[in-house]
Amino acid sequence: MNTLNEYIVYVKGIKDGLHQFDYDVNKDFLDFFEYHDLLDAHAHAHVNVFKNNRIFDIEIHISGNVLSECDRCTDELTLPINFIYHLVIKLEDGPTEDDDIIYMPESSTEINLAPYVYEALVFSIPMRKVHADDEHGNSLCNEDMIRRLKEYMIQDTPNDPRWDVLKGLLN
Ligand SMILES: [Zn+2]
């Protein structure tokens with residue numbers, strides 16, 4: 001697929017110093033990486049690449065909104081994201097293991113920023129995705145949906161005596 005060509009930085013073609021790139025992170029981007037945890041994304045990635053000889057110091061600022069399923073009620077949930085991801089790539093046939101630096105072969109002709117923008121997106125998503133509370137402290141979750149989910153769980157396991165106990169509690 002060629003849709004992510006714009007993410008490729010040609011190593012030989014750029015001078016030392018700061019280079020800036022901007023990308024839309026949208027549904028096409030999610031589909032490319034088969035990222036099914038999100039339903040949609042309306043986000044923007046601003047990438048600063050500071051090149052110093054063979055070292056590429058990269059800062060990715062991702063911000064915007066993503067659409068996901070609520071972990072609690074499964075209704076759609078819009079989450080604001082705002083995250084800065086920093087990495088250093090060094091073109092050197094050196095060690096391959098290093099916590100702080102990503103080594104790529106010295107003969108590399110290009111760096112593809114797409115996987116790093118993807119990582120920034122993944123890290124920007126909160127672990128727990130649930131609807132917030134309103135100003136009165138009431139959950140904005142779809143309570144009707146939660147009730148139906150509970151009913152479905154109970155109907156789906158008719159022969160398990162543990163559910164009978166739970167059924168008794170809920171009735
Ligand atoms: Zn919810």
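Asn53 lies in the loop between strand 3 and strand 4. The structure described here is a predicted model, and this residue offers a starting point for reading it.

## Two loop residues with positive phi

Most residues other than glycine have a negative phi. Asn53, although not a glycine, has a positive phi of about 60°. Glu34 is also a residue other than glycine, and its phi is positive, near 50°. Glu34 belongs to the loop between helix 1 and strand 3. Are these residues buried or exposed? A residue counts as exposed if 12 or fewer other C-beta atoms lie within 10 Å of its own. Glu34 is therefore exposed, with 6 such atoms, and Asn53 is therefore exposed, with 8.

| Residue | Loop | Phi | Other C-beta atoms within 10 Å |
|---|---|---|---|
| Glu34 | between helix 1 and strand 3 | near 50° | 6 |
| Asn53 | between strand 3 and strand 4 | about 60° | 8 |

## The sheet

The two strands joined by the loop of Asn53 pair with each other: strand 3 and strand 4 run antiparallel over 14 bridges. Within this pairing, Val49 stands opposite Ile58 of strand 4. Strands of a sheet pair through backbone hydrogen bonds, either parallel or antiparallel.

How many strands form the open sheet, and in which order? There are five, in the order 2-3-4-5-6, with mixed pairing. Strand 2 (17-25) and strand 6 (101-104) stand at the edges; each has a single partner strand, so one side of each is left without a neighbour in the sheet. On average, neighbouring strands are turned by 25° against each other, direction ignored. Helix 2 packs on this sheet and touches strand 2, strand 3, strand 4 and strand 5 (76-91). The direction of helix 2 makes about 135° with that of strand 5.

## The nonpolar core

In soluble globular proteins, nonpolar side chains tend to be buried together. The largest nonpolar core of this model has 21 residues, and Val25, Ala45, Ile60, Ile62, Val117 and Ala120 have the most contacts inside it. Two or more residues each come from helix 1 (27-32), strand 3 (38-52), strand 4 (55-69) and helix 2 (114-124). Leaving aside neighbours within four places in sequence, Ile60 is in contact with Ala45, Val47, Tyr85, Tyr116, Val117 and Ala120.

## The loop after helix 2

Leu140 lies in the loop between helix 2 and helix 3 (143-155). Leu140 counts as partly exposed because 14 C-beta neighbours lie inside 10 Å. Beyond four places in sequence, its contacts are His131, Ala132, Asp133 and Asp134. Val130 is ten residues from Leu140 in sequence, and their C-alpha atoms are 8.9 Å apart.

Methods. Residues numbered from 1 in each chain as written. Predicted model: local features only at pLDDT ≥ 70, side-chain atom pairs only at ≥ 80, totals over all residues. Core = buried A, V, L, I, M, F, W, Y, C linked by C-beta atoms within 7 Å. Buried ≥ 20, exposed ≤ 12 C-beta atoms within 10 Å, placed from the backbone. Helix = DSSP H or I, 4+ residues; strand = E, 2+ residues; numbered from the N terminus. Contact = placed C-beta atoms within 7 Å. Pairing = 2+ DSSP bridges. Axes fitted to C-alpha atoms, helices over the stretch in contact; angles between N-to-C directions.
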